[in-house]
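Colleague: I would like a close look at one part of this model, namely the metal site and the empty space around it. Please take it step by step and keep to what can be computed from the atoms.

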Amino acid sequence: MSEINQERLIDRFMELTRIDSPSFRERDMADYLKRELERLAVVIHEDDSAARIGGNSGNLYGVLPAKGGRDRKEAAPLLFLAHMDTVEPACERKATLYDDGKIMSDGTTVLGADDQAAIAVLLEVIQELQEEGAEHPELEFLFSAAEEAYTVGLSAMDLSVFKAKEAFALDLSDKTGGYSIQEPTLLSFTVQVHGVAAHAGFEPERGISALTAAARAITRIPQGRINDHSTFNIGIVEAGTGTNIIPELAVVRGELRSTDHEEALRMYEDAVAVFREEAEKMGATMTAEKTLHLHAYHVDEDDPALKRYKHAAEKLGIETFPVATFGGSDVNVMRRNGIAGLCISGAMHKVHTTEEYTTVQELTEAAQIVRELMTE
Ligand SMILES: [Zn+2]
């Protein structure tokens, strides 16, 4: 096995941190990737989802034809994915490589290792395969838009363009060797309570406060960590138009997560029932709607992608370990579409904070694992 070109990998990562790519504004990153991948002989396309999701970039996908003998050409294709977007504060990042191998931003933005560490790793490994003429099966690539916004980019994509039945996403925030064994069902909801507006001083008897009804419901609904596999949060309440007006409308938004899909749906229905009850008690009305962002999945021991990952790590002497995440990733969309996706450690820590960091060693290890997955 040949060595990873560590210097070039780090240079690539640093270069990526200079490209602003917040969710829905990934255009510069998409153009950069198109240019770089074409240079690496990866045929790259952009889907038409940009307009549908309200962004300036669609999802990029590409293919690198198999290289080698018949066994390589007939081997099942593999898909590797990374998301192009980073969370806010995402722009004008200034990354520094420290003597101990840590790479961090200047503390005013995220670093964006989530998920640009993965992009750097993929580009470096593709380049190495090319330079060395290494054998590999057909490789497919996906660089998604707006993953951080509940995976809307990939959710808007037609996944039938992919032939692979196994996919690997370097999008797990943990030390080298981790893999996600589950993701939760995640749904967000909006409840609107409709009351009756009236002047608060002249004729308060005529009014029905939508805000009071909503507040009564909110205090009755269990929130926070509900049990070891479910959470519930009301995050936004908007109501009222003036201090002298009884609020006619209250809009309540929240989200809930559960690794048990049925339980997630039940929690939602239970919450809606409480809002309905409290609204009716006061003579108000209500409507509710939910959006299902993620559908819970569990990875079995005999999952093909997991087996391949364990095998690759073992060859490199890297210990693997399961991680039960409570967030979602593009893998969730893959699994829903019949592709055995696996979310694996992607050289990132403290993601979604301005203390986010990666390390030279972990970037290198991630590249080694990807290379092994592609060529084993
Ligand atoms: Zn991510």
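How many cavities of 30 Å³ or more does a search of the whole structure find? Please go on from there to the residues that line the space, the zinc ion and the largest pocket.

Modeller: The model is a predicted one, and a search of the whole structure finds one cavity of 30 Å³ or more. Rolling a probe the size of a water molecule over the atoms shows where empty space is left. In the largest cavity that space comes to about 30 Å³, and its lining is made up of Leu81, Ala82, His83, Asp115, Ala169, Asp171, Ser329, Asp330 and Val331. Two or more residues of this lining are given by each of the elements β3 (78-83), β7 and α10, with β3 supplying the largest share, three residues. By class, the lining of the largest cavity divides into four nonpolar, two polar and three charged residues.

Two names in that lining, His83 and Asp171, lead on to the metal. The zinc ion is coordinated by NE2 of His83 and by OD atoms of Asp114 and Asp171, at 1.9 to 2.1 Å, and along the chain these donors follow the spacing H-x30-D-x56-D. The pair of aspartates links distant parts of the chain, since Asp114 belongs to helix α5 (residues 113-132) and Asp171 to strand β7 (residues 166-172), 57 residues apart. Asp114 has a relative accessible area of 6% and therefore counts as buried, the limit being under 20%. Asp171, at 14%, is buried too.

The backbone at Asp114 also deserves attention, for the peptide bond from Asp114 to Asp115 is cis, with omega near 15°. Asp115 lies in helix α5 and is one of the residues that line the largest cavity, while Asp114 is one of the zinc donors. A cis peptide bond also joins Glu88 and Pro89, with omega about -5°, and Pro89 is placed in the loop between β3 and β4 (96-97). As a background to both bonds, most peptide bonds are trans.

Asp171 carries the description on to the largest pocket, which has a volume of about 410 Å³. Of the 22 residues that line this pocket, Glu148, Asp171, Gly327, Gly328 and His352 are the closest to its centre. Asp171 thus appears in three settings, because it is a donor to the zinc ion, a lining residue of the largest cavity and one of the residues closest to the centre of the largest pocket, while being buried at 14%. The lining of the largest pocket has eight nonpolar, eight polar and six charged residues. Domain 1 (6-183 + 296-375) and domain 2 (185-294) both contribute residues to that lining, so the largest pocket lies between them.

One last residue can be added to this picture. Thr325 lies in the loop between β15 (321-324) and α10 (330-336), and α10 is one of the elements that give two or more residues to the lining of the largest cavity. With a relative accessible area of 16%, Thr325 is buried, and its side chain reaches the backbone oxygen of Gln182 at 2.9 Å.

Key: Residues are numbered from 1 along each chain as its sequence is written. This is a predicted model: local features need pLDDT of at least 70, side-chain atom pairs count only at pLDDT 80 or more; totals for chains, interfaces and linings use all residues. Side-chain values use heavy atoms; hydrogens and water are left out. Donors are N, O and S atoms within 2.8 Å of the metal (3.2 Å for Na, K and Ca); water is not among the atoms, so sites may look incomplete. Helices (H or I, at least four residues) and strands (E, at least two) are DSSP runs, numbered from the N terminus. Buried means under 20% relative accessible area, exposed over 50%, partly exposed in between (1.4 Å probe, protein chains only). On a 1 Å grid over the protein atoms alone, a cavity is a set of points where a 1.4 Å probe fits but cannot get out, and a pocket is an open set with protein on both sides within 12 Å along at least five of seven lines; lining residues have an atom within 4 Å of a point. Grid points are joined across faces, edges and corners, and a volume is the space filled by probe spheres set on the points. Ala, Val, Leu, Ile, Met, Phe, Trp, Tyr, Cys and Pro count as nonpolar, Asp, Glu, Lys and Arg as charged, and the others, Gly among them, as polar. Domain bounds come from an automatic or database domain assignment. A polar contact is a pair of N or O atoms within 3.5 Å; within protein, one must be able to donate a hydrogen and the other to accept it, and residues adjacent in sequence count only if both atoms are side-chain atoms.
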